[in-house]
Amino acid sequence: MRDYAEEYLRSRGRTDMWSEVSSGQEHTFRRLVQNRVKLSGVARQEMFKEAVFALIDDPSSVGRLYLAIPELAASLDKVGDRLSEEFAVDAQTPKDGLDDLFGDGRPSAPAARDAALASVLQDAKQLPRAREVIADVLESERQLKKDVRKAGYLLDCCAKANTALTAAAKDGLRPESKLGGVSNQLDQIEKRIVQIRAFLAQHVKA
């Protein structure tokens, strides 16, 4: 726990300023230690650690930080997907020396992506937006757990998706809109539509 606290302070240019992490942060670094060791792969662990550091900078973005950290570990794949889309991560080119994590071996595509995302999370300019993305994923997952028990969950999700796509078509079709990744998102939406229609065909009686 002390090692991670020391690394956090050093990464923020506040070496040995222990007063900034000594009050109420014990649970935070304990949860970091407990959840990081559960993750497989050095690059994945590194990405998780940097994401936690980002939340420590502004814990108000996710509520109770010691609760958000295990949620982050459980949702790390979704967080990684969203960050990759947001920052157009090139999974083949880890930066800032993070390729050293792999030694002389060639990293797998997921490991390379995680290393690249760790680099994004180390970039002070990109960190605020990255933290917003992480917080948004965690909040969405919390809401999902609440909603999934409802009998009307499927209809609610489809209605929300329809509302979001209607807004995108109405207000998002502008010359200045960011287009990168939109086609891929539409491909995924179309796959889910096919999947839902197949379910309806099996279960809705004529």
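From the N terminus on, the elements of the protein chain run α-α-α-α-α-α-α-α-α-α. This is a predicted model, and the protein chain in it has ten helices and zero strands. Of the 206 residues in the chain, 33% are buried. The chain exposes about 13100 Å², of which carbon and sulfur atoms supply 54%. Among contacts between residues at least 6 apart in sequence, 66% join residues at least 24 apart.

**Helices α7 and α8**

The table sets out the lengths and spans of these two helices.

| Helix | Number of residues | Expected span | Span between end C-alpha atoms |
|---|---|---|---|
| α7 | 14 residues | 20 Å | 20 Å |
| α8 | 21 residues | 30 Å | 30 Å |

For α7, a rise of 1.5 Å a residue gives an expected span of 20 Å, which agrees with the 20 Å between its end C-alpha atoms. Helix α8, formed by residues 127-147, reaches 30 Å from its first C-alpha to its last, close to the value expected at 1.5 Å a residue.

Helix α7 is mostly covered, with eleven of its 14 residues buried. The buried positions run from A111 and A112 through R113, D114, A115, A116, L117, A118 and S119 to V120 and L121. The elements covering these residues include α4, α6 and α8.

In α8, the buried residues are L127, A130, R131, V133, I134, A135, V137, L138, E141 and D147. Charged residue types are thus represented in this list by R131, E141 and D147. The buried residues of α8 pack against α4 (42-57), α5 (65-74), α6 (76-87), α7 (109-122) and α9 (153-171).

**The nonpolar core**

The largest nonpolar core has 39 residues, and those with the most contacts inside it are F29, F48, L72, L83 and I134. Two or more residues each come from α1 (2-11), α3 (26-36), α4, α5, α6, α7 and α8. Helix α4 gives the most to this core, with eight residues.

Two of the residues with the most contacts inside the core, L83 and I134, are also in contact with each other. Leaving aside neighbours within four places in sequence, L83 is in contact with V89, L117, A130, V133 and I134. Among these partners, L117 is one of the buried residues of α7, while A130, V133 and I134 are among the buried residues of α8.

Definitions and conventions:
Residues numbered from 1 in each chain as written. Predicted model: local features only at pLDDT ≥ 70, side-chain atom pairs only at ≥ 80, totals over all residues. Heavy atoms only, no water. Helix = DSSP H or I, 4+ residues; strand = E, 2+ residues; numbered from the N terminus. Expected span 1.5 Å × (residues − 1). Buried < 20%, exposed > 50% of the residue type's maximum accessible area, 1.4 Å probe, protein only. Contact = heavy atoms within 4.5 Å. Core = buried A, V, L, I, M, F, W, Y, C linked by side-chain atoms within 4.5 Å. Areas by Shrake-Rupley, 256 points an atom, 1.4 Å probe, with all protein chains shown as cover.
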